[in-house]
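Work through the exercises below with the sequence and the model at hand. Each task is followed by a solution in steps.

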Amino acid sequence: MVTAYDYPSAVHVDRAGIDIVLVGDSCAMVELGFDTTQPITMDQMVHHCQAVKRGAPNRPLLVGDMPFGSYEFKDVDIGLNNAYRMVKEGGMDAVKFEGGTESRAKIVRHVVEGGVAVLGHVGLTPQAISVIGGFRAQGRTAVRARAILDEALRLQDAGAFAVVLECIPANVATAITQALEIPTIGIGAGGGTSGQVLVFHDLLGMSSHPHHEEFVPKFCKKYASVGIQINDGLAQFRKEVEEGVFPGNDYSPYVMSVDEEANFDELMSKDAEKMRLKHDETEDESEQLSLYGNNKKMRLKHDE
């Protein structure tokens with residue numbers, strides 16, 4: 001599974017043969033520039049889901065992330081209605097919910113019973129960073145690791161078709177995977193899960209730059225350094241424009257016939273002559289105005 005947030009990224013992910021495309025709420029950070037995933041809205045998520053659907057319309061399974069504030073209510077119909085929006089408006093095949101508490105499992109069950117497939121998500125749940133104290137690994141104590149297993153089991157019982165395990169020790173992720181009957185998808189959770197997911201921009205090195213390296217998660221392997229090539233390409237474009245190298249004849253492909261070029265030159269010559277005559281007339285008028293002004297000054301001086 002790989003994230004995608006727009007048409008071009010969806011096209012690339014689809015062509016690479018990735019099985020599942022996640023339109024993640026991480027879009028808030030990597031595409032929209034926010035510090036967390038929390039600010040992105042339901043309308044914005046639907047917008048990005050629609051673009052991804054156009055880029056990968058048929059083959060991969062499309063999963064839309066339910067954004068923060070779209071499902072956490074006691075009224076579970078709110079979550080169901082927003083899940084319907086993801087499917088009907090966004091074109092998604094399934095939705096993803098974060099968390100595995102009893103109340104969250106209740107929402108998942110309601111949405112599944114309403115006819116929408118659900119991908120669960122436990123471990124580090126970025127939407128809850130205000131509660132868990134930031135982007136920190138989870139399940140590093142025996143008690144917390146056991147609690148994450150319980151959350152995953154709860155989501156399975158609620159009808160989730162798979163569960164994302166984020167930023168937990170590899171042995172914990174392996175134990176959870178073995179305990180579940182449904183697949184697990186790991187991110188920063190070792191190799192014992194059923195599948196893996198990474199963020200499009202991270203795995204391709206889209207932000208490859210010394211100032212951005214500190215923001216790339218430790219668990220992310222870069223399979224390319226696309227950001228460096230992007231920076232180099234943009235810098236070269238600026239340089240060639242400033243030096244007059246681009247576009248040159250090689251990138252100026254549209255030409256006139258010899259006859260049409262001669263006709264165009266003749267029209268431009270006539271226009272130039274008209275402009276010259278108009279300019280001469282304007283200068284004459286300016287000179288007359290100046291004379292009037294001078295005459296007025298002379299009269300005032302004579303009166304004195």
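**Exercise 1. Strand β2**

Which residues of strand β2 (residues 20-23) point one way and which the other way, and are they buried or exposed?

Solution. The model is a predicted one.
- Step 1: sort the side chains by direction. I20 and L22 point one way from β2, while V21 and V23 point the other way.
- Step 2: compare with the general pattern. In a regular strand, side chains alternate between the two faces of the sheet.
- Step 3: assign burial. I20, V21, L22 and V23 are all buried.

**Exercise 2. The partners of β2**

Describe how β2 pairs with β1 and with β3, and trace the connection from β1 to β2.

Solution.
- Step 1: take β1. Strand β1 (residues 2-3) runs parallel to β2, and two bridges join them. In this pairing T3 stands opposite L22.
- Step 2: follow the chain. From β1 it passes through helix α1 (residues 7-15) to β2, a β-α-β crossover that is right-handed.
- Step 3: take β3. Four bridges link β2 and β3, again in the parallel sense. V23 of β2 has G64 in β3 opposite it.

**Exercise 3. The whole sheet**

Give the strand order, then identify the edge strands and a bridge pair between β5 and β6.

Solution.
- Step 1: write the order. The open sheet consists of eight strands, β1-β2-β3-β4-β5-β6-β7-β8, with parallel pairing.
- Step 2: find the edges. β1 and β8 (195-196) each have a single partner strand, so one side of each lacks a neighbour in the sheet.
- Step 3: examine β5 and β6. Strand β5 (residues 117-123) pairs in the parallel sense with strand β6 (residues 162-166) over five bridges. G120 has V163 in β6 as its bridge partner.

**Exercise 4. The surroundings of D65**

In which strand does D65 lie, and which residue joins its side chain in a polar contact of 2.9 Å?

Solution.
- Step 1: place the residue. D65 belongs to strand β3 (residues 61-65).
- Step 2: classify its accessibility. The relative accessible area of D65 is 2%; the cut-off for buried is under 20%, so D65 is buried.
- Step 3: name the polar partner. The side chain of K96 makes the 2.9 Å polar contact with that of D65.
- Step 4: list the contacts. With neighbours within four places in sequence left aside, D65 touches L22, V23, G24, D25, M45, M86 and K96.

**Exercise 5. Helix α10 and an aromatic cluster**

Check the span of helix α10, then classify the ring pairs of F246.

Solution.
- Step 1: compare the spans. Helix α10 (residues 226-242) has 17 residues and reaches 25 Å from first to last C-alpha, close to the 24 Å expected at 1.5 Å a residue.
- Step 2: look just past the helix. G244, just after α10, has a positive phi of about 75°.
- Step 3: count the pairs. The model has three aromatic pairs. One of them joins F237 and F246, with 5.9 Å centre to centre and 70° between the planes, and is edge-to-face.
- Step 4: classify the pair of F246 and Y251. The ring centres are 5.8 Å apart and the planes stand at 40°, so this pair is tilted.
- Step 5: join the pairs. F237, F246 and Y251 make up one aromatic cluster.
- Step 6: add accessibility. F237 at 47% is partly exposed, F246 at 34% is also partly exposed, and Y251 at 59% is exposed.

Key:
Residues numbered from 1 in each chain as written. Predicted model: local features only at pLDDT ≥ 70, side-chain atom pairs only at ≥ 80, totals over all residues. Heavy atoms only, no water. Buried < 20%, exposed > 50% of the residue type's maximum accessible area, 1.4 Å probe, protein only. Polar contact = N/O pair within 3.5 Å; in protein donor to acceptor, adjacent residues only side chain to side chain. Contact = heavy atoms within 4.5 Å. Pairing = 2+ DSSP bridges. Right-handed = clockwise from strand over helix to strand, strands pointing away. Phe/Tyr/Trp six-rings, centres within 6.5 Å; stacked < 30°, edge-to-face > 60°. Expected span 1.5 Å × (residues − 1).
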